[in-house]
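Please open the structure in your viewer and keep the selection tool at hand. The tour proceeds from one selection to the next.

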Amino acid sequence: MEELALQASSLSKSFGALKAVNGIDFTIRRGEILGLLGPNGSGKSTTMKMILGILKPDAGTIVVEGIDVARDPIGVKRIVGYVPETPQIYDFLTGIEYLDFISDMYSIPTGERASRIGQFLDGLQLRGHENELISGYSQGMKQKVAIISALIHRPKVLVLDEALNGLDPRSAKLVKDLLRSLADEGVSVLFSTHVLEIAEALCDDVAIMYQGSILANGTISDLRQKAGLPGSTLEEVFLKITGTGDLGDVVKELSR
Amino acid sequence: MNPRKIFAITIALSKSQLRASRGGRTSLSFLRKPSILLILDIAAFAICAILGYAGVTLLREFAGPGASAGSLQAYSEVEKGVREALIFIPVFVPGMVLIAGLLFELNVSSKFSASDTVNWLPITQAEYVIASALSVAYNYSISVAIALGITLAPSVYFGYGWAWAGVALVSILTLFTGGALVEILRAATNRVSSVVMKRARRGALFFRLALMVVIILIFETVFNPTILISVVNTLSGSLSVFVFIPLFWGALAIEGIVNGEPLRVLVFSAGTVGFTAALVWAATKVRSRYWSPAAFSVSITSSEYAPRSSSLLRMGLSQGEAAIVRKDIKGITRRRELLSFMAIPIVFVALFLVESITSTPGGIASEGGFFADFPTLFAASFFALLISSISFGQESKSVMVLYSLPIAPGELLRAKAFLALAFSLGATFATLAIFSLIGGSSPLVVVENITIAVSITVEEVCVGLAFGARFPDFQERPRPRFIDPVWLLVMTVAGLAVALVTALPIIFRDILTAVPGALSFPWYLFPAAWVFAGVVSVLAYRFARGSSEKLMAEYRI
């Protein structure tokens with residue numbers, strides 16, 4: 001039996017009358033990159049927040065590397081790296097102060113953190129900006145800081161919510177390659193994106209969420225089979241499965 | 001200059017100020033329109049006018065035919081009081097608007113002011129400054145409405161009807177003067193911010209806080225009529241000096257109406273208009289020169305990153321707790337919206353100090369007793385309550401970072417409590433030292449004051465944390481509030497009530513000391529107060545811990 005890094009069972013979450021997540025099940029194998037695809041409001045971010053213990057599920061369980069999130073959310077947070085959809089980082093700190101703060105929170109030894117932070121700053125081309133206040137950073141620079149924060153403590157599981165948003169092409173490529181490399185070393189990744197080309201290039205498996213439910217999951221070729229669209233792009237598969245493909249009338253209306 | 005544009009900006013700013021501190025609830029949408037302020041003004045004026053009329057009716061009966069000599073003497077005192085009130089209303093208005101500006105305008109988040117839409121719209125600096133000053137004046141106009149309402153009937157009754165009409169006109173003008181002063185203060189504090197942030201390094205951020213406090217203090221002192229009158233009395237003893245102080249020109253114009261001196265009225269009315277125009281001109285100049293339209297890149301240090309073990313760990317804090325404390329210290333010194341929270345208690349205590357020094361020959365504080373003890377108790381209670389109650393809410397939306405990190409609710413609370421206690425005890429001891437020196441308190445009194453002030457500080461920090469953890473407001477608004485305003489009021493009442501109970505030994509001691517031949521002081525009140533403060537602290541901290549656990553259990557923002 002393959003070792004599971006993450007197992008979500010019968011997961012549900014409502015906000016008032018809105019059923020954000022509706023009894024979903026999925027697993028991530030150790031070293032697997034699972035792409036979570038879905039339109040805005042489909043429940044991806046809610047699912048990710050429940051994995052971190054930031055939101056409490058109404059029903060269902062989540063086990064991350066053998067730790068039940070409901071029982072030990074702090075334990076899960078220690079081994080997970082998380083990039084939220086819109087990173088709200090402390091903009092009155094400098095980049096280096098923020099990363100030092102994060103290192104303290106993960107109890108990274110002081111002797112180790114300088115070289116580790118330095119590598120990321122160089123790799124993501126933030127070197128030279130590390131002593132500036134984050135309030136003066138561009139959106140892409142803030143995203144890079146958030147990504148470094150998620151990786152700095154060598155997590156076993158990565159939960160990345162639209163993590164490539166705002167990154168320049170070089171940095172986006174670097175992060176994608178890094179994720180692949182980490183996955184090869186056994187790090188498991190849950191990755192949500194709207195950019196289907198990224199999912200197609202990066203993910204081992206894909207789960208398509210729509211209105212709080214997972215409509216389909218598996219490899220991309222599995223999904224093509226399920227959609228009855230062999231040889232098609234992931235975009236076509238996605239639109240077919242979510243039933244949102246017929247946009248002709250909308251385009252006609254908008255272009256009037 | 002385009003009046004239509006000015007009007008449009010005034011309405012927009014007024015809406016922004018009205019809505020900046022209110023939640024998203026739309027059920028009472030009329031409360032979110034600028035017209036509500038006018039309705040409130042009219043209502044306040046009407047109620048106060050009725051009260052004033054009722055007062056006059058009572059006065060008529062009191063001083064009617066057959067009244068005693070004492071009654072007639074009192075009647076004459078009331079008339080004198082009404083005349084002085086009319087003369088001084090216009091003088092107090094700008095200072096009042098300045099205080100309101102300090103409390104409610106200067107804590108606007110730099111994030112919102114930096115992305116201010118007006119910076120890229122086709123609006124001149126003068127148009128913006130006038131509109132902003134108008135909106136500030138409009139927002140705090142209720143005080144003038146109350147003053148005019150309460151004085152209307154007595155003024156007519158005593159034959160000062162024309163003077164009252166003059167007061168109405170001059171007060172509206174000085175309301176605008178206050179608005180212009182707030183604009184200058186805004187630009188001055190922004191200037192300090194940008195200079196320090198652009199050129200300075202780590203240590204200088206504390207310098208910015210000190211400089212801001214000094215600037216605010218100078219403004220609040222220079223435009224505080226009570227202090228000015230005391231200073232004039234001390235320095236010259238002649239009221240003719242007021243002719244040279246523009247703030248008093250409005251009062252001199254009203255005095256001219258009361259005394260029937262048209263030339264005086266004309267000269268000083270024109271002077272008041274000129275003074276206000278000069279302030280608007282100055283505000284326009286300082287804004288156009290010092291306003292930074294967008295967030296700029298700021299380097300705090302150029303030195304190489306060298307992580308080291310925190311000295312806070314030696315004080316018993318965990319690595320995570322120490323990290324939160326260090327982060328919050330940086331926030332206090334760098335975030336403009338938090339600077340005013342630090343500055344307000346310091347400014348109020350300093351104002352009390354200035355007033356006490358200037359109001360009597362040796363100063364109130366030099367007389368010792370409760371006047372010397374009060375500022376310490378005020379600092380201990382108000383500052384501790386304020387700082388601790390905002391400690392959770394000031395995380396704003398970045399609290400999401402804490403939710404995603406491995407930090408336990410208990411650790412978060414300890415970190416917040418540590419910082420609030422450190423700052424509050426510092427403020428308490430500083431105030432205690434200053435006022436004990438001025439008051440010449442005996443060593444025994446100082447020791448007694450220390451024990452009570454520390455007890456109050458600790459209990460107020462715990463009460464503040466209890467409310468702050470339970471009812472935080474993480475929403476980012478132009479004017480962030482950090483704690484639910486309703487519970488802020490409840491907390492203030494509860495906090496000041498327990499502080500008052502804890503301070504009873506000092507109050508009794510000061511009263512008994514002031515009354516010759518009074519009963520001997522019941523010494524056991526001191527240990528009783530310490531026990532009371534201890535019980536309140538433990539209960540409040542336990543409540544705060546429960547709230548912190550509940551808060552961190554799920555992100556509900």
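The stops below visit two sheets and the helices that lie across them.

This is a predicted model, in which local features need pLDDT of at least 70, side-chain atom pairs count only at pLDDT 80 or more, and totals for chains, interfaces and linings use all residues. Residues are numbered from 1 along each chain as its sequence is written, while chains are lettered from A and ligands numbered from 1 in the order in which they are written.

Helices (H or I, at least four residues) and strands (E, at least two) are DSSP runs, numbered from the N terminus. Two strands pair if DSSP finds at least two bridges between them.

**First sheet.** Select β2, β1, β4 and β5 of chain A: in that order they form an open sheet of four strands with antiparallel pairing. Its edge strands are β2 (18-29) and β5 (67-68) of chain A, each pairing on one side only. Next, select A:Val63, whose bridge partner in β5(A) is A:Asp68.

**Second sheet.** An open sheet of six strands follows the order β6-β7-β8-β3-β9-β10 in chain A, with mixed pairing. At its edges, β6 (80-83) and β10 of chain A each have a single partner strand, so one side of each is left without a neighbour in the sheet.

Select β6(A) and β7(A) (residues 157-161), which run parallel and are joined by four bridges. Here A:Gly81 stands opposite A:Leu158.

**Hairpin.** Finally, select β9(A) and β10(A), a hairpin with two residues between the strands. In the turn, A:Gln211 has a positive phi of about 50°. Five bridges join these antiparallel strands, and A:Val206 has A:Gly218 as its bridge partner.
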